[in-house]
Every structure is written in structure tokens, then in C-alpha cells.
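Hi,

Here is the structure I promised to pass on. Have a look at it first, then read my notes underneath.

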Amino acid sequence: MSMDLNALNVFVTLFKSGSTLRAAAKLNRSQSFVSKTLAQLREELGDPLFIRTAHGLQPTSYATQIAPKLQNAIEQISVALEPETFSPAKLQFISIHISEPLLVMIAKPLINKIRSYTDAIIEIRQWRKDSNNALIDGNIDIGIQALKERSQELYQKKVASAAAKLIGNQSGEYVKLMVDDYNENLDLYRSVIDENINATILVDNYAVLSQLMDQHCTYSFQLPDKKYNDDIGVDIAIICHSAKRYNPKTVWLSEICESVINAAIEK
């Protein structure tokens, strides 16, 4: 089957925007061109692709299945056609969001390693719920957080596993570290301590958590090596916009982050 790359780009833009009008604006083409291209794709692919609803164009199950694959394919082609001109030294701004407590473990060596390549402004911030949308909107470069179900617009690569170890004064109250976009509704500690236990102190700051350990206890996540095994575990992923998966800056930052995480594991 011969398929026009421009037509496929129209399809991906339609999938992301949900409207022929918005897609036309993003592509700098007329709405009639987008509609005509959609009609051609429907005929060639043998599927309606989108159903018009009161809230815009609703993709069919087939469209939902192929859209991420086509977006990645188009991105790879675009990268292949670009000249190799990327240089970290030319970067002006870098933004990475990292979930605690991993943020505390790797922030300093990560900053030092990035700084060895570039004088760019480096922004390292704690991962929040809105970090997902910030990645999609292009406001941050990459994120590091738990591997979990996310929007199809985000690409995740598992880079390590973390495990939890009970620390602190076990005769005191149990303190739960609230990690945004991860364990707000999870009580993982119940499966290894007591299914009826309740966390009576909740904090969202790792430094505060550490200060409480002389009187209380918690499960503290650590970067284990391959032989480490514990009852509570979580996979750690580097996250980026799917369309920027092969972007030179994204690839460079991902490699640096992965190397820093691996170095922390080997300590």
C-alpha cells in the first residue's frame, strides 16, 4: 500500500487536535484540504477513522491503535532527514522533573554531569501531577517517575527498579511520604506491615520525612542492584513526549539521566 507521508501527518494532527479546523490551523492549510485528505485516507484504509460528535472528532479503535505508531514513524523520518547539528554547548535551557525521593538521590550528580557539557540554565524540579501535561505541551524536556499508565502522547522507558526498606523508629507512628502522581491512593506498606495499619502522619517532602525518623518509621525507597529483593517495588522510567522521543536533545538528556541513575545503583 502506497501512502502519502503528508496525508499521514494530517491524520496524526487530526488525532491530536480532534478538529479539522484546529488541525488546519496547526498545519497552516485550509480546512477543506484537511477534510479532503481525511476522505482519501478513509477510502484507502477502509475505516472511518473519526466519528463526528458534539465534542469534536472521536477516533475509532483502529485510529487509536495506529496513531502512536504513525507518530513515532513520522518522527523517526524527520530526525533521519535532519542534519547532525546538535551540540549541548548551544543549549540555553534544560528542564527536568523528577519524583521524590529519587530527586534527592540524583539531583546533584545529574546537575554536575549536565554542567560539564553546557552552560545552559538547568531547572530541576519535583515531579507533580501537571508534569504530564507540561511534557505534552513542551514546557519541560524529560521527566523521571514511576512507570505507569499514561497518555499515548508520552513515551516511557524503564531504566531501573526501586525497592522499599523499613527505616526509623518502629515503635513510633508510621509516616507516609506522599509522592505526587503515584501513591496518593495507594497504601503499599499495608501488604508488608499490617493490612489494618494506617499512616497517621503524611508528608510530601523527603527532608521532612528524614527529620522524623528518630521518633517514627516509614518505608524508604532505594535504588537496588539486580540482586536486591523486597516486598515493595516500583519501576522507574524516563518519560518524554512521544513526538520528541528521537529528538537529539531528548536522547542526550535521557542518556545522561540513565547513566546517573546507574551510577547511583552501583554505589
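Thr 13 sits in helix α1. Keep in mind that this is a predicted model. Is Thr 13 buried or exposed? It's buried: its relative accessible area is 11%, and the cut-off for calling a residue buried is under 20%. If you skip the neighbours within four places in sequence, Thr 13 is in contact with Ala 23, Lys 26 and Leu 27.

Now for the helix around it. α1 has 13 residues and covers 18 Å from its first C-alpha to its last, close to the 18 Å expected at 1.5 Å a residue. Thr 13 has company in being buried: the buried residues of α1 also include Ala 7, Leu 8, Val 10, Phe 11, Val 12, Leu 14 and Ser 17. And what do the buried residues of α1 pack against? The answer is α2, α3, β1 (50-53), β2 and α4 (61-81). Check both ends of α1 too. At the start, a side-chain oxygen of Asp 4 comes to within 3.0 Å of the backbone nitrogen of Asn 6. Just past the other end, Gly 18 has a positive phi of about 70 degrees.

Next up is α2, residues 20-27. Ser 19 caps its N-terminal end, with a side-chain oxygen 3.1 Å from the backbone nitrogen of Leu 21. Within α2, Thr 20, Ala 23 and Ala 24 are buried. They span an arc of only 100 degrees around the axis, so they end up on the same side of α2. The cover over these buried residues includes α1 (5-17), α3 (31-45) and β2 (56-59). Turn the helix around and, on the face away from its buried side, you'll find the exposed residues Leu 21, Ala 25 and Lys 26. After α2 comes Asn 28, with a positive phi near 60 degrees.

Then there's a sheet to look at. It's open, has six strands in the order β4-β3-β5-β10-β6-β9, and its pairing is mixed. Which strands stand at the edges? Those are β4 (121-126) and β9 (217-222); each has a single partner strand, so one side of each has no neighbour in the sheet. On average, neighbouring strands here are turned by 25 degrees against each other, ignoring direction.

Zoom in on β3 (residues 93-98) and β4: they run parallel and are joined by six bridges. One thing to find there is Ile 94, whose bridge partner in β4 is Ile 122. Helix α5 (residues 102-115) packs on the sheet, where it touches β3, β4, β5, β9 and β10 (233-241). The direction of α5 makes about 170 degrees with that of β4.

Last stop: Asp 141, in the loop between α6 (131-137) and β5 (142-146). Asp 141 is buried, with a relative accessible area of 18%, which makes the cut because the limit is under 20%. What does its side chain do in there? A polar atom of the Asp 141 side chain lies 2.9 Å from the backbone nitrogen of Ser 95, and the side chain also makes a polar contact with that of Lys 249, at 3.1 Å. Leaving out residues up to four places away in sequence, Asp 141 touches Phe 93, Ile 94, Ser 95, Leu 135, Cys 240, Lys 249 and Leu 253. You've met Ile 94 already, as the bridge partner of Ile 122.

Cheers

Technical notes
Residues are numbered from 1 along each chain as its sequence is written. This is a predicted model: local features need pLDDT of at least 70, side-chain atom pairs count only at pLDDT 80 or more; totals for chains, interfaces and linings use all residues. Side-chain values use heavy atoms; hydrogens and water are left out. Helices (H or I, at least four residues) and strands (E, at least two) are DSSP runs, numbered from the N terminus. Buried means under 20% relative accessible area, exposed over 50%, partly exposed in between (1.4 Å probe, protein chains only). A polar contact is a pair of N or O atoms within 3.5 Å; within protein, one must be able to donate a hydrogen and the other to accept it, and residues adjacent in sequence count only if both atoms are side-chain atoms. Contact means heavy atoms within 4.5 Å. The arc is that of the directions from the helix axis to the C-beta atoms. The expected span of a helix is 1.5 Å times one less than its number of residues. Two strands pair if DSSP finds at least two bridges between them. Axes are lines fitted to C-alpha atoms, for helices over the stretch in contact, and angles run from 0 to 180 degrees between N-to-C directions.
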